[in-house]
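Biologist: I should like to learn how to read the local features of a structural model. Could we go through them one by one?

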Amino acid sequence: MAKMKKIVVIGGTSGIAHACMRIWNQNAVEITLVVRDKDKGQLIADDLRVRNPNSIIDILETNFLDAKRVLSTVQTVESAGAPDIVLIAHGSLPDQQKCEENLDEAQAALVINGVSPVLFAEAFAKGMLKRDYGQLAVIGSVAGDRGRKSNYVYGSAKGLVARYVQGMQHRLAATNVKIVLIKPGPTLSPMTHHLASQGAKGLASPEEVADVIVNGMEKGKTVIYAPKKWKLIMLIIMHIPDFIFKKINI
Amino acid sequence: MVKVSSWGRLSAYQHDVHYLSTSQNLGRTSGLGIAYGMGRSYGDECLNPNGKLWNTTLLDNFISFDQATGVLRCQAGVQLLTINQLTIPRGWMLAVTPGTQFVTVGGAVANDVHGKNHHMYGSFGHHVLELTLQRTSGEIIICSQRSNKEWFEATVAGFGMTGVILEVALQLKNVDGPWLDTETIPFSNLTEFYQLSDASEKEWEYTVSWIDCTSKTGAKGLLMRGNNAKGIVKPQPKSKKLNVPFALPFSLVNQLSLKPFNTLYYHLNCLKQRKQVAHYESFFYPLDNIRNWNLIYGKKGFFQYQAAIPHHDRFDAVDAMLKQIAKVNMGSFLAVLKTFGNVKPAGLMSFPIHGATLALDFSNGDERTLKLFSSLDAIVREAKGRIYLAKDACMPKELFEEGYPRLQEFLAYRDAGISSALSRRLIGS
Ligand SMILES: Cc1cc2nc3c(=O)[nH]c(=O)nc-3n(C[C@H](O)[C@H](O)[C@H](O)COP(=O)(O)OP(=O)(O)OC[C@H]3O[C@@H](n4cnc5c(N)ncnc54)[C@H](O)[C@@H]3O)c2cc1C
Ligand SMILES: NC(=O)c1ccc[n+]([C@@H]2O[C@H](COP(=O)([O-])OP(=O)(O)OC[C@H]3O[C@@H](n4cnc5c(N)ncnc54)[C@H](OP(=O)(O)O)[C@@H]3O)[C@@H](O)[C@H]2O)c1
């Protein structure tokens with residue numbers, strides 16, 4: 001029997017990541033969920049186990065904000081077997097206004113959305129480079145493409161992730177290790193429930209987004225917009241001249 | 001605030017929608033609310049205009065499945081579609097399923113839905129082993145036929161009034177694959193229908209009939225019956241998905257289209273092979289292939305009128321209802337008539353009664369439609385029948401109270417933090 005694919009998901013309770021895992025899990029796979037809350041992870045693990053009893057699902061609880069814990073977590077994961085895919089999915093949508101009023105809020109948002117994913121990616125890249133094999137996927141956001149007043153703290157952390165992945169792609173160019181930046185548009189998940197309640201229209205379903213992500217990763221894309229239409233939308237937004245952009249209320 | 005409708009699309013009021021997630025505490029949000037699954041109920045039981053809706057569709061995790069015993073445990077927002085896809089290839093099927101698989105398990109429990117096999121398997125609630133219910137006070141109640149039985153019987157068919165169902169354990173039924181042996185048999189009047197239906201019930205698990213409600217010469221129609229097939233190996237049929245893209249300003253279902261459609265449907269099916277091996281999706285869920293078929297009724301939406309009639313009156317009352325409908329020249333493409341078996345109800349407010357049930361769709365023609373319903377209500381009342389809450393948008397309070405004699409008992413279990421448009425209309429709060 002061929003060896004099962006091993007997938008590691010950082011932020012294993014993320015709605016978008018869960019939808020991706022349900023797709024991968026259609027074939028028997030080995031999945032390690034790295035989470036901050038084991039009980040929440042258990043729920044996802046059970047769901048995946050029922051959907052495919054042949055898959056092997058593990059949960060690892062850790063602190064996402066501490067560099068030493070990030071490193072030891074990655075070492076624990078790797079010692080149990082080298083991953084084929086690592087999906088770094090965690091993140092948290094802050095209240096922009098609170099970030100403006102309170103530096104602690106701003107710091108927390110910058111760390112969980114920007115610094116933490118980069119540390120995880122950096123730590124996994126080391127092992128992958130040693131083996132000259134593996135695919136790293138990091139979830140950024142369309143919000144990282146252009147800063148805007150209603151969301152720039154989150155956006156700048158996502159921009160950090162984008163620049164990091166770009167640099168890594170340069171570094172990894174001559175190797176067999178691949179890194180991809182995923183940029184979801186607004187998607188219905190625990191992160192955006194409250195927006196849906198406020199009447200936000202056009203939130204994509206996590207299933208639709210996951211479909212695009214998993215397909216794009218299989219094709220070895222370097223940047224994935226999900227749903228795909230966001231590629232065009234962001235292209236336009238990035239090209240709106242400043243003097244006009246500043247007049248738009250977004 | 002977001003505009004929300006039910007399947008009948010009779011209204012689209014603003015709602016304060018909260019998506020429930022696992023760690024939710026209902027008590028924390030203020031104001032009265034009601035659970036909302038897939039909104040496949042037709043009337044106003046899942047609506048709460050200008051108030052709170054608890055959307056359950058993100059509570060969609062499986063919890064456990066025992067392949068040996070067929071016991072499935074899942075969160076209440078899991079759709080029946082997802083269960084079918086998971087368990088049928090493993091040899092287990094929902095023991096009872098309604099005519100669409102786009103409903104949540106929580107919704108199926110809350111209406112104690114019935115399928116085509118009521119005479120053998122009862123209703124959905126008969127196969128629920130355990131429920132986890134959250135009250136708006138935050139209290140969690142775990143109930144079953146054995147423990148906290150009174151809560152179980154109030155929550156099954158409790159149309160969301162007793163709390164929000166978070167988890168459900170179901171006993172599935174052992175099957176040998178996705179196929180059914182089916183037969184289609186024409187009948188030309190009600191007497192023939194009942195003879196055929198009664199005779200079929202002994203050997204056929206599933207029975208259902210389509211009737212031509214435009215016929216003035218008696219209820220002609222087609223009885224379909226089926227059993228889960230054994231030992232059939234066939235490739236999965238290709239799914240043909242159609243979509244109705246938007247609602248027209250008027251209904252496509254009118255006097256001009258009804259008669260020819262019904263006549264054609266009848267004759268085409270009479271020509272069709274009587275015996276067929278059918279896939280479960282085409283047999284159980286014939287309309288699911290047309291996404292948003294409810295849009296054909298146009299911008300004003302539509303009603304479904306579904307009544308249950310006790311056994312002793314099943315001929316006269318159904319006959320009178322059909323005559324009434326034919327007389328005013330209104331009616332539906334799909335009028336469904338079936339029998340309910342003599343089964344002890346699973347919930348205090350369960351719809352099925354031993355006898356027959358007739359269901360018909362009507363375009364919303366305002367006064368005309370409501371006038372017809374009044375005359376149908378009178379027949380139902382006379383026969384001591386009842387109207388199905390899952391379909392209802394306008395029954396009079398008195399008919400509700402007479403039709404559901406255990407209402408007072410049920411109300412003792414109501415959660416004071418819950419209210420729907422239907423509960424305000426029929427219970428007064
Ligand atoms: C094409 C079609 C065919 C149908 N065929 C049948 C049939 O053959 N037999 C039959 O019995 N019905 C049938 N129905 C009706 C349908 O099965 C029921 O209305 C079902 O309850 C809808 O489930 P839902 O998830 O959409 O719930 P909703 O319509 O969203 O809600 C229905 C009720 O359930 C309550 N509810 C939902 N989730 C919860 C929860 N988690 N906890 C507590 N309360 C909850 C709501 O408050 C509401 O009162 C059919 C409907 C359609 C559209
Ligand atoms: N949803 C969208 O509209 C959208 C749009 C663009 C980009 N994204 C990005 O997509 C990714 C996945 O988001 P999602 O939509 O799936 O949201 P989600 O379901 O809320 O998932 C967020 C994940 O991050 C974890 N997390 C949050 N704060 C954490 C912390 N301080 N420490 C450790 N873990 C923490 C959460 O853990 P808990 O479950 O324990 O809270 C959860 O696993 C995120 O990077 C997000 O920024 C989302």
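Modeller: The dialogue below takes up salt bridges, aromatic pairs, surface patches and backbone features in turn. Please keep in mind throughout that this is a predicted model.

Biologist: Let us begin with charged side chains. How many salt bridges does a search of the whole structure find over all chains?

Modeller: The general idea is a distance test: a side-chain nitrogen of Lys or Arg must lie within 4 Å of a carboxyl oxygen of Asp or Glu. The search yields 24 salt bridges over all chains. One of them joins A:Asp46 and A:Arg49, with an N to O distance of 3.3 Å.

Biologist: Why are A:Asp46 and A:Arg49 separated by about one helical turn?

Modeller: Both belong to helix H2 of chain A, residues 38–51, and because they are three residues apart there, about one helical turn separates them. A:Arg49 is partly exposed, at 31% relative accessible area.

Biologist: Which salt bridge links distant parts of the chain?

Modeller: Consider A:Arg131 and A:Glu78, whose side chains meet at 2.9 Å, N to O. A:Arg131 sits in helix H5 of chain A and A:Glu78 in helix H3 (residues 67–79) of chain A, and the two are 53 residues apart. A:Arg131 has a relative accessible area of 32% and is partly exposed.

A further case is the salt bridge of A:Arg146 with A:Asp242, where the closest N and O atoms are 2.9 Å apart. A:Arg146 belongs to the loop between strand S5 (134–139) and helix H6 (152–172) of chain A, while A:Asp242 is in helix H10 (residues 242–245) of chain A, so this pair ties together parts that are 96 residues apart in sequence.

Biologist: Is A:Arg146 buried or exposed?

Modeller: The limit for the buried class is under 20% relative accessible area. A:Arg146 has 14% relative accessibility and therefore counts as buried. Its partner A:Asp242, at 45%, counts as partly exposed.

Biologist: Which residues are linked in a network of salt bridges?

Modeller: Such a network links A:Arg22, A:Asp47, A:Arg51 and B:Asp60. Its members come from chain A and chain B.

Biologist: I turn now to aromatic rings. How many aromatic pairs are there over all chains?

Modeller: Two numbers describe each pair, the distance between ring centres and the angle between ring planes. The count is 20 aromatic pairs over all chains. Among them, B:Tyr280 and B:Tyr285 are edge-to-face, at 6.4 Å centre to centre and with 85 degrees between the planes. B:Tyr280 is buried at 5% relative accessible area, and B:Tyr285 is buried at 3%.

Biologist: Why is the pair of B:Phe400 and B:Tyr404 tilted?

Modeller: Angles over 60 degrees count as edge-to-face, those under 30 degrees as stacked, and the rest as tilted. The planes of B:Phe400 and B:Tyr404 stand at 45 degrees, with ring centres 5.5 Å apart, so the pair is tilted. B:Phe400 is buried, with 0% relative accessible area, and B:Tyr404 is buried as well, with 2%. Aromatic residues may also form a cluster, as do B:Trp7, B:Tyr42, B:Trp293, B:Tyr297 and B:Phe302.

Biologist: Which residues form a negative surface patch?

Modeller: The patch consists of A:Asp95, A:Glu100, A:Glu101, A:Asp104 and A:Glu105. Helix H4 (96–101) and helix H5 (103–131) of chain A each give two or more residues to this negative patch. A:Asp104, found in helix H5 of chain A, counts as exposed at 57% relative accessibility.

Biologist: Which residues form a nonpolar patch on the surface?

Modeller: A:Phe243, A:Ile244, A:Ile248 and A:Ile250 do, with about 340 Å² of accessible area together. A:Phe243 lies in helix H10 of chain A and counts as exposed, at 57% relative accessibility.

Biologist: Let us close with the backbone. Where does a cis peptide bond occur?

Modeller: The omega angle identifies the bond between A:Ala226 and A:Pro227 as cis, at about -10 degrees. A:Pro227 is placed in the loop between strand S7 (223–226) and helix H9 (229–239) of chain A.

Biologist: Which residue other than glycine has a positive phi, near 55 degrees?

Modeller: That residue is B:Arg9, in the loop between strand S1 (2–4) and strand S2 (13–19) of chain B. B:Arg9 is partly exposed, at 23% relative accessible area. B:Asn148 also has a positive phi, near 50 degrees. B:Asn148 is located in the loop between strand S9 (140–143) and helix H4 (149–155) of chain B, and is partly exposed at 36%.

Terms used
Residues numbered from 1 in each chain as written. Chains lettered and ligands numbered in written order. Predicted model: local features only at pLDDT ≥ 70, side-chain atom pairs only at ≥ 80, totals over all residues. Heavy atoms only, no water. Patch = residues over 30% accessible without salt bridge, like charges linked within 9 Å, V, L, I, M, F, W, Y side chains within 5 Å. Areas by Shrake-Rupley, 256 points an atom, 1.4 Å probe, with all protein chains shown as cover. Lys, Arg positive; Asp, Glu negative; His and termini not counted. Charge placed at Lys NZ, Arg CZ, Asp CG, Glu CD. Helix = DSSP H or I, 4+ residues; strand = E, 2+ residues; numbered from the N terminus. Buried < 20%, exposed > 50% of the residue type's maximum accessible area, 1.4 Å probe, protein only. Phe/Tyr/Trp six-rings, centres within 6.5 Å; stacked < 30°, edge-to-face > 60°.
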